[in-house]
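Reader: I should like a close look at a single part of this model, with its immediate sequence context and the terms stated as they arise. Which part would reward a detailed geometric reading, and how does the rest of the chain relate to it?

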Amino acid sequence: MTLKDLADNLFDRLDHAAGRPVDLSRQERGAVSRVLHGVVEVTGFHEALSDEVIEFDGGASGLALDLVPGKAGVVLLRDPQGLRPGQGARRTGRVASVPVGEALLGRVVDPLGVPLDDGPPPAAARLSPIEAPAPRIMDRAPVTRPLQTGIKAVDALVPIGRGQRELIVGDRQTGKTAVAVDTILNQIGSGVISVYCAIGQRGDATARVIARLRAAGAMENCVVVVAGGEEPAGLQYIAPFAATAIAEGFMRAGRDVLIVFDDLTRHARAYRELSLLLRRPPGREAYPGDIFYLHSRLLERATQLRESAGGGSLTALPIIETQAQNLSAYIPTNLISITDGQIYLSPMLVRRGQMPAVDVGRSVSRVGGKAQLAGYRAVAGPLKLAYAQFEELESFARFGAKLDEDTRAQLARGRAVREALKQDEGEPIGVASQIALLLAVSEGLLDGFALSYFGPVAEAVMAAVAESPAAQDVARGLPLEGARRAELLAVIRAALQEVQDGHA
Ligand SMILES: Nc1ncnc2c1ncn2[C@@H]1O[C@H](COP(=O)(O)OP(=O)(O)OP(=O)(O)O)[C@@H](O)[C@H]1O
Ligand SMILES: [Mg+2]
């Protein structure tokens, strides 16, 4: 019989004698033996749980991450004011949790649910552990419904389905946040709840996002979870997990939820910092070996649930920052293999003023195609082909070669496609207008217009279909064919005629 069995036996007898459970074993105490930057070593615990909350005398708290018999590496979640070796520490028996529920809508909170706006603490229905197992295979359903981003280049060429995980990847300042925030803005009126999780960002960048969500009236269906760059690495490390727990709360209630992680590069850095302090062996680029597992564990929680499991969905848009367009660095390759596709934003397109800078050739969506509305399928194919051929031709045409009629026509079409895919930040476009414009381009109706005049022409086409029943049908997901296609083309032609007459 071990000492533990002996003790358990003793407690059982005490319980019996007292007629109720006697809580003696739960209050395990230890003492701080080492204080590092953001990490504390505690000796004296024998049975601490992974991710258990540890409280220190004096008010600080942390998470037990590294467990060896008699010792625990505790990651601090708050600035440890005055924490010194020798100070007492106490196990709580709880794992880290966040409040979840409707009360969080419209709020800005930190990963522990503490409000960062001026409001009171959210009166949440319950607490959810930040780490939760991903939904079982049996509870999952295929991705079949689209998540409209309102961005033409994405909805037409790299469509995203509800329950999908699509990576947004690109160098600094290529519009990664803009793509994600525009997608959130486009959810106004769609019934989708959005969770924006800012990790390690500068305060002003996060403030700008929140201001944009507020100004557009999107905040009431939004939760913003922030662990800024100035916060302890431990808080940044738990941020995406906490945000996912909040999102899951809505998904389990049958809602469609969108979650944005901005960005996981910084999350990986925070985890690397903690791991090195905990003296875990560094691997590639000094990241710990389990960083892949960490991110796949996180993103596996995104899914479309079956009807019998409530039918909710969680769509994840993780963001990754590359350096000098290096997609083969450790974290980007990891994330590319974990997700169902990527939207690649190219700094070269940014320099050319082609915004959003979606590099069509290097972007892919592996599951969203099946969820895409039928109308897009009729226009996306020809569009992609025309654009790919154009990019090749354009590099030749630059040498000033004499071009035949066919080539010139192809170039004109390609330029129109490129122009049509441009879109300002914060101006999501509805399905009917998007398809009308893309149809006009793929039919070559806009080839003849000067590029300087393209903006107003595109506006006219997109506005013209607002009243068209055919366009509304297409927006509801009916295919773009037969009489419907003919009607839509007639509406577009009439609008173009009007523009030309007005111009003449
Ligand atoms: N579609 C667009 N049209 C015009 N400007 C845009 C568009 N999208 C983004 N921008 C501008 O590009 C700049 C960079 O955008 P954003 O902050 O979204 O990029 P980022 O990749 O998230 O940057 P960071 O690496 O700093 O996080 C901003 O000034 C933004 O206003
Ligand atoms: Mg950004």
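Author: The expected span of a helix is taken as 1.5 Å times one less than its number of residues. Helices (H or I, at least four residues) and strands (E, at least two) are DSSP runs, numbered from the N terminus. The model is a predicted one, in which local features need pLDDT of at least 70, side-chain atom pairs count only at pLDDT 80 or more, and totals for chains, interfaces and linings use all residues. Residues are numbered from 1 along each chain as its sequence is written, while chains are lettered from A and ligands numbered from 1 in the order in which they are written.

The part chosen is helix H6, which covers residues 264-277. Its 14 residues should span 20 Å at 1.5 Å a residue, and its end C-alpha atoms are indeed 20 Å apart, so the two values agree. Burial is judged by C-beta atoms placed from the backbone: a residue is buried if 20 or more other C-beta atoms lie within 10 Å of its own, exposed if 12 or fewer, and partly exposed in between. By that criterion ten of the 14 residues of H6 are buried, so the helix is largely enclosed by the rest of the structure. The buried set comprises Leu264, Thr265, Arg266, His267, Ala268, Ala270, Tyr271, Arg272, Leu274 and Ser275. For the protein as a whole, 47% of the 504 residues count as buried.

Consider next the approach to the helix. Ala253 lies in the loop between helix H5 (233-252) and strand S13 (256-262). Ala253 is partly exposed, as 15 other C-beta atoms lie within 10 Å. Its C-alpha atom is 9.3 Å from that of Gly101, although the two residues are 152 apart in sequence. After S13, a loop containing Asp263 leads to H6. The peptide bond that joins Asp262 and Asp263 is cis, with omega about -5°.

Most residues other than glycine have a negative phi, and most peptide bonds are trans. The loop beyond H6 should be read against that background. Just after the helix, Arg279 takes a positive phi of about 60°. Glu285, in the loop between H6 and H7, has a positive phi of about 50° and is not a glycine. Glu285 is exposed, since 11 other C-beta atoms lie within 10 Å. Ala286 belongs to the loop between H6 and H7 as well, and its phi is positive too, near 70°. With 12 C-beta neighbours inside 10 Å, Ala286 counts as exposed. Asp290 is also placed in this loop, before helix H7 (291-299). It is partly exposed, with 13 other C-beta atoms within 10 Å. The C-alpha atoms of Asp290 and Asp262 are separated by 21 Å, and the residues are 28 apart along the chain.

A second cis peptide bond runs from Met355 to Pro356, with omega near -5°. Pro356 sits in the loop between helix H9 (347-351) and strand S16 (364-365). Met355 is also among the closest residues to ligand 1, together with Gly175, Lys176, Thr177 and Ala178. In total 14 residues surround this ligand, a residue being counted when its C-beta atom, placed from the backbone, lies within 6 Å. Helix H3 (residues 176-185) gives the most to that shell, with three residues. Thr183 is placed in H3 and is buried, having 26 other C-beta atoms within 10 Å. The C-alpha atoms of Thr183 and Thr149 are 4.3 Å apart, with their positions 34 residues apart along the chain.

As to the wider setting, the protein has 16 helices and 16 strands, and its C-alpha trace spans about 95 × 50 × 45 Å along the principal axes. The mean pLDDT, the predictor's confidence in each residue on a scale from 0 to 100, is 90, and 97% of the residues score at least 70. Confidence is lowest in helix H1 (residues 3-18), with a mean of 75, and highest in strand S11 (residues 193-199), at 98.
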